[in-house]
Amino acid sequence: MKKIMLILFLAAAVAGLVTVAITAADRDTVETWEGSLRLFGNEPFTRVALVTNSGDRWFLDMDEQELQLLWEERREKIRITGVPVLKEIAGRTENYIKVIKYSWITENE
């Protein structure tokens with residue numbers, strides 16, 4: 001009887017941990033934004049951000065070399081897909097996008 005109770009308890013504990021792991025993974029929601037790229041800050045502390053049509057600012061979290069290339073080839077409009085992240089920078093909470101992919105928006109879209 002004690003073995004059965006122990007097995008049931010362990011099974012319930014494992015099921016609970018799996019549920020917590022799945023719930024934590026769901027927090028990494030992938031979203032898509034559209035807007036234009038802008039540079040914020042002063043050298044050498046500049047940061048590239050996406051500014052949406054509604055005026056929201058989202059700093060980009062991606063490989064530094066890829067970010068540099070993105071800034072150099074910037075065009076009028078861009079679509080960025082990624083995970084929204086809040087980061088505390090210098091005592092302020094800032095919106096960041098952990099970039100998964102991006103594409104330039106053409107006039108035809």
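Trainee: Which residue in strand 5 does Ile-80 stand opposite?

Mentor: In this predicted model, Ile-80 stands opposite Tyr-102 of strand 5. The pair is best read within its ladder, where strand 4 (residues 78-89) and strand 5 (residues 92-104) run antiparallel and are joined by 12 bridges.

Trainee: In what order do the strands close into a barrel?

Mentor: The 5 strands follow the order 1-2-3-5-4, with mixed pairing, and the twist from one strand to the next averages 50°. Helix 2 (residues 64-72) packs on this sheet, touching strand 1, strand 2, strand 3 (57-61), strand 4 and strand 5, and its direction makes about 80° with that of strand 1.

Trainee: With which residues do Glu-34 and Leu-37 form bridges?

Mentor: Glu-34 has Arg-79 in strand 4 as its bridge partner, within an antiparallel pairing of strand 1 and strand 4 over 5 bridges. Leu-37 is partnered by Leu-50 in strand 2, and there strand 1 and strand 2 pair in the antiparallel sense over 6 bridges.

Trainee: How should I read the backbone of the turn in the hairpin that strand 1 and strand 2 form, and what is the phi of Gly-41?

Mentor: As a general guide, most residues other than glycine have a negative phi, and most peptide bonds are trans. Here the hairpin has 6 residues between its strands, and Gly-41 in the turn has a positive phi of about 95°.

Trainee: Is the peptide bond from Glu-43 to Pro-44 cis or trans?

Mentor: That bond, from Glu-43 to Pro-44, is cis, with omega near 0°, and Pro-44 lies in the loop between strand 1 (31-40) and strand 2 (47-52).

Key. Residues are numbered from 1 along each chain as its sequence is written. This is a predicted model: local features need pLDDT of at least 70, side-chain atom pairs count only at pLDDT 80 or more; totals for chains, interfaces and linings use all residues. Side-chain values use heavy atoms; hydrogens and water are left out. Helices (H or I, at least four residues) and strands (E, at least two) are DSSP runs, numbered from the N terminus. Two strands pair if DSSP finds at least two bridges between them. Axes are lines fitted to C-alpha atoms, for helices over the stretch in contact, and angles run from 0 to 180 degrees between N-to-C directions. Contact means heavy atoms within 4.5 Å.
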